[in-house]
Each structure stands twice: as structure tokens, then as C-alpha cells.
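Trainee: Could you take me through one part of this protein up close? I'd like to look at how two of its domains meet.

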Amino acid sequence: MVDHNTTTKSISLASYGIHDAQVNYQWTARQLHDETIRKGLGVEASSGALAINTGKFTGRSPMDRFIVKDDITSDRVWWGDINIPFDPDKFDKLYEKITAYLGGKEVYVRDSFACADVNYRTNIRVVNEYPWSNLFVYNMFIRPEESELEGFEPDWVVINAPGFLADPEVDGTRQGNFAILNFTRKMAIVGGTGYTGEIKKGIFSALNFELPVFKNTLPMHCSANVGQKGDSAIFFGLSGTGKTTLSADPDRKLIGDDEHGWTSENTVFNFEGGCYAKAIDLTEEKEPEIYRAIRFGAILENVIMDEQGVVDFTDSSITQNTRVSYPLYNIDNIQVPSIGFNPKNIFFLTADAFGVLPPISKLTPGQAAYHFISGYTAKVAGTEEGVNEPQPSFSACFGAPFMPLHPTEYAEMLSKKMQDAGVNVWLVNTGWTGGAYGEGRRMKLKYTRAMISAAMEDQLNDVAYRVHPIFGLAIPQSCPDVPDEVLNPRDTWADGQAYDLKAQELAKSFKENFAQFESYANEEIMGGAPRS
Ligand code: ATP
Ligand code: MN
């Protein structure tokens, strides 16, 4: 068991305007775990993991995420409903309030890194109101050695106070909770929400601006792993599509489960030092790597347990979006450091609730660009506030909420890299089969795993393909360990005509969504659109 030792170093927060705080700097996982329980803020599960409740918010709140409009961002950010501008003066005032709130309190401060490649390393300092939030930071960012703390100067500072509420009328927020990035001050303030994902996705958003703009590196909302022959694979997908689940593969070393950069030196590196897995319906049988990672050091969020601390993973009474975070080293088979070479295969994961898209299909370069910009999935209940029913969703680059630049900037970088690397691109539907949501069922995880393995082992190169009449996707007609009839979605429906109608409906949604990007797209990309 690795548990980085506490340090003798101590720091003052006065320069941040946080006065008279009792600063608990760089505490160990054990200290933070015990402190959370001592303060009555969490309990220990039978697995040894810490179980906490994040409070009112059990998911991100995208409508309360802002970017300060300043000299750095004003001409570069794609402003709108996703990247909502915030006034610099308002930020300064709110910053004063949130830091005043933390003044005089006991706080938990942690220095860590983002970006596993030392050439891209970003120093992160996080100030947390709660010990368990600081344990999350320990789990999710890259843990420095004690010697690396000497002279540590943060590039980005995150101030996180779940107990502090903004006053919308005065402060310029939408409601009491907020997550605001300021690129001039290189600070993020997160208040009014205890959902830990806001901390990691805040830094992700910051890097998604800085890496392409200043370091010629493509940031990606994807997981990554590497095979025994050194062949990397990356898995793009929106929340709930299977990035974390499918990247945990006993035959391949995990690079990371959510955030990566693809450099101009032909490498792919993880931004993080841990994983943040969905826990709903988790079983040891279906997801052994993740299940076994839940032990001391891990934090379970919003799960229900019995009196013995045994978690009922099927219980969604607090939220569908139950989660567990743990450091990468809680997974047995990991790549150290978290870096791989150019991917050989790229998978676009989608959880299509209409049961229309094939479970696996091979994309042409034009289709790859089209589907990347579209970023289709059906939103599965839970990760976002207010989403309780699955609904179709298009999110550019499979991660629009975290992408400050215009989607085509990322898409152009990706297309060029895919071309240079000669990578295979696959669209994988981890969603419904045999009918739409309500009628059909979710694709069996073991089939999805078998299809992905077959693609990675070059077993889909020489099989027969059929082209989908509406989407134009090339569908393999056989795949090891998968029944043939599963591969063609129309054959899994009781009523073929009902399938055709649904497929046309979905194609129409794709086209309507893509209209906003058409003026940026060339003929090749438009050739990747559905046909009718
Ligand atoms: P996030 O961005 O929110 O972290 P994610 O892409 O990492 O999301 P996962 O945590 O991997 O998503 O969630 C996928 C969920 O879907 C898991 O709960 C998994 O058990 C379930 N699932 C069911 N069937 C499949 C399938 N065929 N393929 C992948 N996942 C499946
Ligand atoms: Mn994930």
C-alpha cells in the first residue's frame, strides 16, 4: 500500500486572502480518511473505503460553470450556453467573499500535479473546506514525492468551499453554487457544491484551453490503455458511455480513465493520477478491476450501505450517479508513468438509447471527423443535475462542457493526428439493442468487450462488412465471441420497419445538430453525415 508520508513543510494562505486559517497541508490518505470519520462527515465501508455524501449536488452543474472573460479568453473562447462569460470584477468580489468565508477555519491544502508527462506538468494547489474533498484531490491528481514539494509554485489554484453560497443578485451567479475559471489569475473557485467532480473537471477545462493554445497538444475527454505490444488505444465518450469501464482491461495496462493529451511528440499522457468510476450496479463479476480497487483510500460517493458497511451498489435512492474515486495504483495493471505512444485504435463510445447504431462499426476519416464533432450519445440519468430520463444528446468532441475553444479547433487537430498516425477509428454503441430504451436492453458488457478486443487484435480486418443504409457505417458481419445477429441492429428488433423509422429519426437529429458546424466542414467531413 502506498501512502505518501506527511511533510514537515507548512504553508500560509495569507497571500490568497485566507487569514487565520488552520492549514492542514499535504495530509496523508490515512489522516484525511480518519479525520473525515472523526468529524462525522463520513463512515468506513466494510471494504475499508471511505463513504461520504456530497450533499445537495450529486453531479456536475453545467449551467453554473463560468469562465472569466478577460484578455486571454475573450477572443479565443467559444462563448455561449456552455462557456458562460463571467465579469472579472465580479470574480474578484466573489473571490474575496469565498476566501473570507474560509478565514479562521480549519482547511485542507494539497499540492499536486496534473499531466503525467513532465514536459507538460502543471502544478495544482487545492484548498478544501472538507477533508474528504482533499482526499479526492489526493486520489485524482498526480501525487508528488516529498522532494518535489521543495519550492513548489502552483500554476493553478483551486479554492473549494462547498459550504459557501453565492448571492446570485449581488455576485452575478445563476444560483448559490458556482464553478468559475479565471485564466488571468489562474484560479478556480468552486462554491455551494460538494460534488467532487467539479474540482477535477475545473482543472480539465483549464488544460483544455492551455494545452492546445500554448503547447500544441490535443486535450481529449477519453480513457486510454496500452496492450502487451505497446499498442495504445483511446476511448472517447460522454458520461456513462463506458470510458472507465472499458479501459479497465486485465490484458492491457491502464493509462487513465478520463482525461488525456496527445502531444506533437506522438505520445498520449494522462492528466490525472486516479480514476472516478460510476458505481451504480457495480458487480465484482462484471467489473472486477474496479470492484477490487474499492478498498482503503477509495472514496465512495452517495452510496447506500447496511449497518455492517456493506454497500448495496444497486441502490440509487440518493442518485443514479453513485461514484468511487481511487488512486491509479489501486488498479493492478497500470502503465507507469501514465504515458503511451500514438494510439493504434480509437473508439468513439456512444450509449444510443434509440437502439439504432450498430454495436461496432468502422469509420472512414470523414465519418470520424463528423462523429467527433457531433459527439452523440443519449444522456444517461445522473451525472448532471435535472437529467432523470435518458434523452438524445450531442456534445461536440464528446466533451463540450469542458472544451473552451470552438469544437472545430479540436476536431482539426484530431483529424491531422489520426491521419499522421494511421489510426483505425471505430464507433461503438454501448447503449441499447433489440429496440429503443423501454423496449430493448443495454448491450451486454461482455459483447462490447469482445468487439473491442477483436478490433484491437486485428480480428476485424478480414471479415465481411455491410454498409448501414442510412448511416453509411461499415458493420463487421462476424466477430469472435459475439453472435452474428447482435452485430446488425435491425436484426435485433422485432419490427424491422419500426427500426428504419427510428434510424431515420436519429439521422435527422444528427443533421439538425450538425447544421451549426456545416460552414466549417469540408466535403470529406460532410461525406461522413447520415445519407437520408
Ligand atoms: P464519465 O465520463 O461520467 O466518467 P464513463 O464514460 O467513464 O463516464 P462508465 O463509468 O464507464 O462511463 O460507465 C458505463 C456504465 O455503463 C457502467 O456502469 C457500466 O457497468 C455500464 N454498462 C452497461 N453495459 C455496458 C456496455 N455494454 N459497455 C460499457 N458499459 C456498460
Ligand atoms: Mn469515467
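**Where domain 1 meets domain 2**

Mentor: Sure: put together, domain 1 and domain 2 bury about 1,100 Å², counted as the accessible area (1.4 Å probe) that two parts lose on being put together, summed over both. Carbon and sulfur atoms carry 57% of that. On the domain 1 side, N139, M140 and Y195 lose the most area to domain 2, together making up 44% of what that side buries.

A word on the basis: this is a predicted model, where local features need pLDDT of at least 70, side-chain atom pairs count only at pLDDT 80 or more, and totals for chains, interfaces and linings use all residues. Residues are numbered from 1 along each chain as its sequence is written, chains are lettered from A and ligands numbered from 1 in the order written, and side-chain values use heavy atoms, leaving out hydrogens and water.

As for the bounds, domain 1 covers 14-41 + 64-215 and domain 2 covers 274-330, as set by an automatic or database domain assignment. The contact (heavy atoms within 4.5 Å) takes 14 residues from domain 1 and 15 from domain 2.

Salt bridges between the two come to zero, taking one as a side-chain nitrogen of Lys or Arg within 4 Å of a carboxyl oxygen of Asp or Glu.

Which elements of domain 1 give two or more residues to this side? They are α1 (29-38), α3 (131-140) and α5 (197-215), with helices being DSSP runs (H or I, at least four residues) numbered from the N terminus. The largest share, six residues, comes from α3.
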